[in-house]
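Here's a quick briefing on how the strands and helices fit together in this one. Have a look at the fold first, then read on.

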There are 2 protein chains.
Amino acid sequence: MEITQLISEIKRKKSFLCVGLDVDMEKIPAHLLEEEDPIFAFNKAIIDATHRFAVAYKPNTAFYEAYGLKGWEALQKTIDYLNTNFPEIFTIADAKRGDIGNTSSMYAKAFFEDLGFDSVTVAPYMGKDSVEPFLKFENKHTILLALTSNEGAFDFQTKKMDGLETYKNVLQVSKTWVNSRNLMYVVGATKAEYLRDIRDIIPESFLLVPGVGAQGGSLADVCKYGITADIGLLINSSRGIIYASNKDDFAEKATQEASSMQMQMEEIINGL
Amino acid sequence: MEITQLISEIKRKKSFLCVGLDVDMEKIPAHLLEEEDPIFAFNKAIIDATHRFAVAYKPNTAFYEAYGLKGWEALQKTIDYLNTNFPEIFTIADAKRGDIGNTSSMYAKAFFEDLGFDSVTVAPYMGKDSVEPFLKFENKHTILLALTSNEGAFDFQTKKMDGLETYKNVLQVSKTWVNSRNLMYVVGATKAEYLRDIRDIIPESFLLVPGVGAQGGSLADVCKYGITADIGLLINSSRGIIYASNKDDFAEKATQEASSMQMQMEEIINGL
């Protein structure tokens, strides 16, 4: 997907909501366990219930790998369902991959070509030649981990590297990589005030923002420091939407939660 | 597997060779493509041809993911084949995973419990709570990326963080994590002279060393600086062994290459 398509979808829906499809069999409604493919059945119901309010979906691959072959099959069906029925919606494989060059090429092929995702999250630790194989793909997007939403972010990411915080170093250095225009970044909402500095380095790049809701981040704060003329944000919510209820009404509750977030976003967009 | 079992296997075979099972359909002998599962057929042949000389096998998950469901099935068959026929051999899922706590737990479950690997490689960027879920598993081993063998290692890993190179910071900090005794580390052979400093920080931990052979690292140099009384090294070779020939004689050539590396290692062990 071209970035302009994502932007026009955001403006059309007045939403920059991304729904995280982190399916845990122990948390989905019991009646779905009787389905042939409970994971896909759950995802399909969630997508049908929320697509009017969301511009992106983000399955985290860990939750699918944990179920082995059945999990991968469910992931494949989910991305196929999205690409067939909602081609205007941006898709993110939250895989946090990264390896030496020829191996990163294999991952890029798997997520962009075989599965058909629009984007994939990638870890920066192994540097330039571990990320550039992803950047080669036109109209595909590589979402680099910069500042994550967990406690462990303070172990290395916020430490100073050559006088500049490591996550800022990652932002700076990544701008020099070939096809860096295909980069987006993960920036956790729990550190919203950091976004001011981040926007000094990457004023226009899209940011994927986890940590609003369950992890305690504030939508208003993130937007205050991070929003751009083209919005430039994808706010992810996983548990808050998909597990709003674990009963028969899970889809309706998911609709309500997604709709409520979209309304907050519409207000923010209208106030720009 | 307990670490003592790995050490006794190393001493019994006089080898610390790890064979990387990075299967690329374009590089395997053409006659195998007629098999029902060419990837597994190739791996089985390579394992049968090299197991007398190797103490570990390391499939890189990227190469399996690139073939979708069939790839995952081949990975599952490969680890099952190893665990059933060669339970004394150490297995490594080279997956370079790492995510927030509950998600890392899913990955740990997938690789340690469902697939049944002895160890998995993990990226350090997200810090303590992204790695500790892996460390919880008794007699399972988490191999943390410290200093990788690619060019991009110089982008961040060798830069100074609070006055100390980032990879040394990763080593230092990781020692403070709960169950850190279950840690091993990836240290690329192309930077063998760095091993002296590394051994000051982690004198006894096992190191998984890629980059000997195809990537230009020297076995003698790695051992000079990195070997311990219990050896403490697993030297990985992928392409040099598994693609020693792409003809009918690929298994014999793999035996020759693995045997030749084992002999060099035996000489080093005898000289200790």
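A word on terms before the details: two strands count as paired if DSSP finds at least two bridges between them. Keep in mind that this is a predicted model. In chain A, eight strands close into a barrel with parallel pairing, going round as β1-β2-β3-β4-β5-β8-β9-β10. From one strand to the next, the twist averages 30 degrees.

**Chain A: strands and helices**

- Strands β5 (residues 141–147) and β8 (residues 183–187) of chain A run parallel and are joined by five bridges.
- Across that pairing, I143(A) sits opposite M184(A) of β8(A).
- Helix α5 (residues 101–114) of chain A packs on the sheet and touches β3 (90–97), β4 (119–122) and β5 of chain A. The direction of α5 makes about 155 degrees with that of β3(A).
- Helix α2 (residues 38–50) of chain A lies across β1 (17–21) and β2 (56–59) of chain A, at about 165 degrees to β1(A).

**Chain B: around β8**

- How much of β8 (residues 183–187) of chain B is buried? Five of its five residues are.
- Both faces are covered: L183(B), Y185(B) and V187(B) are buried on one side, M184(B) and V186(B) on the other.
- β8(B) runs parallel to β5 (residues 141–147) of chain B, with five bridges joining them, and L145(B) stands opposite V186(B).
- β8(B) also pairs with β9 (residues 207–209) of chain B, in the parallel sense over two bridges. There, V186(B) has L208(B) as its bridge partner.
- Together with helix α9 (residues 195–201) of chain B, β8(B) and β9(B) make a right-handed β-α-β unit.

Conventions. Residues numbered from 1 in each chain as written. Chains lettered and ligands numbered in written order. Predicted model: local features only at pLDDT ≥ 70, side-chain atom pairs only at ≥ 80, totals over all residues. Heavy atoms only, no water. Helix = DSSP H or I, 4+ residues; strand = E, 2+ residues; numbered from the N terminus. Axes fitted to C-alpha atoms, helices over the stretch in contact; angles between N-to-C directions. Contact = heavy atoms within 4.5 Å. Buried < 20%, exposed > 50% of the residue type's maximum accessible area, 1.4 Å probe, protein only. Right-handed = clockwise from strand over helix to strand, strands pointing away.
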